Amino acid sequence: MIHKELKPFPSTFLWGSASAAYQVEGAWDEDGKGPSNWDNFVRIPGKTFKGTTGDTAVDHYHQYKEDVRLMAEMGLKAYRFSVAWSRIFPTGKGEVNEKGIQFYSDLIDELLSHNIEPILTIYHWDLPQALQDEYGGWESRKIVEDFTNYSVTLFKHFGDRVKYWVSLNEQNIFTSFGYRTALHPPGVKDEKLFYQVNHHANLANASAIKEFRNYVPDGKIGPSFAYSPSYAATSHPDDVLAAENAEEFNAHWWMDIYAWGTYPKVAWDYIERKGVAPTLESGDLDLLKEGTPDFMGLNYYQTTTFEKNTLDGVSSGKMNTSGKKGSSQDTGVPGLYKTIKNENLERTNWDWTIDPTGLRIALRRITNRYQLPILISENGLGEYDTLVEGDIINDEYRIQYLHAHLQAVQEAISDGVDMLGYCTWSFTDLLSWLNGFQKRYGFVYVNQHEEGTHDLRRIKKKSYYWYKQVIETNGSILEFAETSRESK
């Protein structure tokens, strides 16, 4: 579909940026905060790049006012952030930590005072360690009640000021990496447990959304899903079927539940025959249908290409967390699909494909299947950035990446997609979970590194000035003009 003329971005479009509590806040044990699963996991030797932790991260907890000031100078319309569950409930439940409530209340007020719309993510992977120790965290149905109570606490305290909410961030990633690949906490490889954990997360998500209607009736809520559209390696029917399998198990398995409250039939039959289907109890499916979202949050970074995989074929492969290009390995599920490099696409130093058209495809697939508005809750480029003399970071590669993806968004709008907004990942540099501080995403460089002592200074990158221009023109000018850069 080639348009003679593109529709403009909506006048209400939320030009935003995003972060996650563990990746930016630091202050991991201050003001009554309890330990999270990530606070413990990063202390296991070999789990993260050069042993990096979020103990300090980029110190947003103490420097949030400066960060918000930089957002305001850019003209940012929205800021998506997450709340650390163990900062509100140090043991996951029980007595509220008032200092934790106060921090987020102050952050929200600071954003609103600069006309920046807060988008609050309830859960972005940092589970209170106390709940993991008590009953296995997401492994138990008890998590549904505790997560719902935690969510209601946030609704009561912040619902008067926050109108956009994200319930769960990338459920497909924290369940898969936690219980299939063991790359994330709790570091387990158990396929049947993975499906049960995921079901509990579905119930928790639906329960929180159902309660949201009672406390924030004028707000909007939805999950953020990490969607990587599936391509077939060739037009051979076997490869096309492999891509269909991947789409069913890696996308529909989650988004069908979010939107409709039902599991995809073909995928369910497969895991049932395999003996790994989750146990469903009376009332589960009713709850899933009652807790459907107002929008679909989309975290988009790349597409994945698939080919046929035999029953004795490829399974797990190495993930690139070092930034050494070409070090990742193909993965797959025997009998379903395997990944293969797409020679039509460039890759980042972390071997993520760069595919702006894939974003347009993702937006159209979600729109046509679910008929929901979409908030792009994450999209960005993680790369090495170099600070040169004069406090300059020339990250033209990031501008090119975001420019191309925003063009794809405008094309999707012209196709008829209902877009709420676009949040880049991320505003400042941050701790990239397994990848340390060397993998940078932000518009604002933070002088933080894996080794040694650093001053955490905030420095605007070239991309900062580009996005400022994009916001000022509501996306009508995506090309970067050097004259828009402020003098240093």
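Me: Before we look at any empty space here, what is a cavity, and what is a pocket?

Reply: On a 1 Å grid over the protein atoms alone, a cavity is a set of points where a 1.4 Å probe fits but cannot get out, while a pocket is an open set with protein on both sides within 12 Å along at least five of seven lines. Lining residues have an atom within 4 Å of a point. Rolling a probe the size of a water molecule over the atoms shows where empty space is left. A word on the source: this is a predicted model, where local features need pLDDT of at least 70, side-chain atom pairs count only at pLDDT 80 or more, and totals for chains, interfaces and linings use all residues. Residues are numbered from 1 along each chain as its sequence is written, and side-chain values use heavy atoms, with hydrogens and water left out.

Me: How many cavities of 30 Å³ or more are there?

Reply: The count is six cavities of 30 Å³ or more. The largest cavity holds about 100 Å³ of space; a volume is the space filled by probe spheres set on the points, and grid points are joined across faces, edges and corners. Its lining has 14 residues, with Asn-37, Tyr-123, Trp-138, Phe-174 and Pro-185 nearest the centre.

Me: Which elements give two or more residues to the lining of the largest cavity?

Reply: Those are α2 (37-41) and α8, and α8 brings the largest share, three residues. Helices (H or I, at least four residues) and strands (E, at least two) are DSSP runs, numbered from the N terminus. By class, this lining has 10 nonpolar, four polar and no charged residues. Here Ala, Val, Leu, Ile, Met, Phe, Trp, Tyr, Cys and Pro count as nonpolar, Asp, Glu, Lys and Arg as charged, and the others, Gly among them, as polar.

Me: And what lines the second largest pocket?

Reply: That pocket has about 170 Å³ of space and 13 lining residues, of which Phe-437, Gln-448, His-449, Glu-450 and Gly-452 lie nearest its centre. Its lining divides into three nonpolar, eight polar and two charged residues.

Me: Back to α8: is Thr-175 buried or exposed?

Reply: Buried means under 20% relative accessible area, exposed over 50%, and partly exposed in between (1.4 Å probe, protein chains only). Thr-175 sits in α8 (residues 171-179) and counts as buried because its relative accessibility is 0%. Leaving aside residues up to four places away in sequence, Thr-175 touches Arg-180, Phe-194, Val-197, Asn-198 and Trp-254, where contact means heavy atoms within 4.5 Å.

Me: What does the side chain of Arg-80 reach?

Reply: Arg-80, in strand β2 (residues 78-82), is buried, with a relative accessible area of 0%. A polar contact is a pair of N or O atoms within 3.5 Å; within protein, one must be able to donate a hydrogen and the other to accept it, and residues adjacent in sequence count only if both atoms are side-chain atoms. The Arg-80 side chain reaches the backbone oxygen of Ser-377 at 3.1 Å and makes a 2.6 Å polar contact with the side chain of Asn-169.

Me: How should I read the open sheet, and what is its strand order?

Reply: Two strands pair if DSSP finds at least two bridges between them. Four strands form this open sheet, ordered β6-β8-β10-β9, with mixed pairing. At the edges are β6 (230-232) and β9 (332-333), each pairing on one side only. β6 runs parallel to β8 (residues 304-307) over three bridges, while β8 and β10 (residues 337-339) are antiparallel, joined by two bridges.
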